[in-house]
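Here are some exercises to work through with the model open beside you. Try each task before you read its solution.

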Amino acid sequence: MLDTAPTISFDRVSRSFATTDGREVRALQDVSFNIARNEFLVVVGPSGCGKSTLLRLIAGLIAPTDGRVSVSGLPVVEPLDNIGIVFQRPTLLPWLDILSNVTFPKRHKYGRVSDQDRQFARNLLQLVGLSDFAGSRPDELSGGMQQRAAIARALFLDPEILLMDEPFSSLDALSRDEMAFELLQIWSKRPKTVVFITHSITEAVLLADRVMVMSARPGTIAEEVPIPLARPRSMDTLTEPLFNEIAASIRNSIFRRSRAA
């Protein structure tokens with residue numbers, strides 16, 4: 001059961017950026033929402049609506065122009081140690097093997113990695129199905145395997161929050177489905193508060209406790225859709241009538257707003 005106290009809170013948050021020619025672009029406008037502890041929130045919406053800006057605000061990489069972003073009740077004013085980030089591409093260090101890539105955050109932060117740290121990294125590699133590839137270089141792995149390594153690296157410091165910015169977008173359809181189910185298994189074994197961005201409605205409904213639909217720029221929350229599908233989810237979930245009803249409703253909602261814009 002989800003904790004009712006919010007882990008992440010947006011209170012009337014807006015964010016603007018200045019262009020090179022001096023114009024102001026409003027990426028987000030008056031956004032307010034809460035995310036509960038260990039909730040899996042998926043954010044969907046048209047390109048350029050501010051989805052990635054949301055993640056950067058949570059991570060403390062940028063500050064809001066207006067409003068307040070809080071994590072565990074405290075305002076976010078700088079990058080936070082209790083947040084892991086998985087990007088669209090794995091961004092692994094090509095000169096290090098996979099085990100060293102996973103342990104790199106601790107070496108970078110503290111200058112050393114203990115035997116206990118390496119064992120924990122091996123446990124994570126086993127969790128993501130890469131225990132046989134600890135000594136491999138990134139270019140020896142497929143795209144999906146590299147992204148699994150990136151997820152293990154994001155989990156290495158045991159963050160409370162995991163931010164995922166379209167992490168499967170560069171994968172082929174079969175690898176993408178496989179990674180989605182893999183992520184659900186990882187999340188069930190090591191629960192985290194997850195904020196996941198995707199353009200795939202099917203992926204969103206499969207993964208989420210709640211789907212947040214954003215409008216076109218300036219991004220606002222157009223709709224919040226709870227996903228009452230039972231967990232654990234499987235391939236059979238994709239054929240449930242309720243699954244398809246929810247996916248169709250979200251897809252139609254985005255399409256109507258896109259046409260109206």
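## Pockets, a cavity and some backbone oddities

Among the elements that line the largest pocket, α2 gives the largest share, with four residues. Keep in mind that you're looking at a predicted model.

**Exercise 1. Describe the largest pocket: its volume, its lining and the classes of its residues.**

Solution.

- Step 1: Start with the space itself. The volume of the largest pocket is about 610 Å³.
- Step 2: Now look at the walls. The lining of this pocket has 19 residues, and Ile83, Gly84, Ile85, Pro105 and Leu157 are the ones nearest the centre.
- Step 3: Match the lining to the elements. At least two residues come from each of β6 (83–86), α2 and α4 (143–155), and α2 supplies the largest share, four residues.
- Step 4: Sort by class. You get 13 nonpolar, three polar and three charged residues.

**Exercise 2. Work out how α2 and α3 cross, and which residues make the contact.**

Solution.

- Step 1: Find the two helices. α2 covers residues 98–110 and α3 covers residues 115–127.
- Step 2: Look at their axes. They come within 9 Å and cross at roughly 125°.
- Step 3: Name the arrangement. Roughly perpendicular stops at 115 degrees and roughly antiparallel needs over 145, so α2 is oblique to α3.
- Step 4: Add the hand. The crossing of α2 and α3 is right-handed.
- Step 5: List who touches whom. α2 brings Ile98, Leu99, Val102, Thr103, Lys106 and Arg107, while α3 brings Asp117, Arg118, Ala121, Arg122 and Leu125.
- Step 6: Sort the contact of α2 with α3 by class. It has five nonpolar, one polar and five charged residues.

**Exercise 3. Describe the second largest pocket, then the largest cavity.**

Solution.

- Step 1: Take the pocket first. The second largest pocket holds about 160 Å³ of space.
- Step 2: Trace its lining. You should find Phe181, Leu184, Gln185, Trp187, Ser188, Arg231, Pro232, Arg233 and Ser234. By class, that's four nonpolar, three polar and two charged residues.
- Step 3: Turn to cavities. With a cut-off of 30 Å³ or more, the count is one cavity, and the largest cavity has a volume of about 50 Å³.
- Step 4: Trace the lining of the largest cavity. Look for Phe40, Ile151, Leu155, Leu162, Leu183, Ile186, Trp187, Arg190, Lys192 and Val194.
- Step 5: Match that lining to the elements. α4 and α5 (173–189) each give at least two residues, with the largest share, three residues, from α5.
- Step 6: Sort by class again. The cavity lining has eight nonpolar, no polar and two charged residues.

**Exercise 4. Locate the cis peptide bonds before Pro218 and Pro232, and check the phi of Arg12.**

Solution.

- Step 1: Recall the usual picture. Most peptide bonds are trans, and most residues other than glycine have a negative phi.
- Step 2: Go to Pro218. A cis peptide bond links Arg217 to Pro218, with omega about 0°, and Pro218 sits in the loop between β9 (210–214) and β10 (221–226).
- Step 3: Go on to Pro232. Here a cis peptide bond links Arg231 to Pro232, again with omega about 0°. Pro232 is in the loop between β10 and α7 (241–260).
- Step 4: Finish with Arg12. Its phi is positive, about 50°, although Arg12 is not a glycine. You'll find Arg12 in strand β1 (residues 6–18).

Methods. Residues numbered from 1 in each chain as written. Predicted model: local features only at pLDDT ≥ 70, side-chain atom pairs only at ≥ 80, totals over all residues. Heavy atoms only, no water. Axes fitted to C-alpha atoms, helices over the stretch in contact; angles between N-to-C directions. Parallel < 35°, antiparallel > 145°, perpendicular 65-115°, else oblique. Left-handed = near helix turned anticlockwise from the far one by under 90°. Contact = heavy atoms within 4.5 Å. Nonpolar A, V, L, I, M, F, W, Y, C, P; charged D, E, K, R; others polar. 1 Å grid on protein atoms, 1.4 Å probe; cavity = no way out; pocket = protein on both sides within 12 Å on 5 of 7 lines; lining within 4 Å. Points joined across faces, edges and corners; volume = space filled by probe spheres on them.
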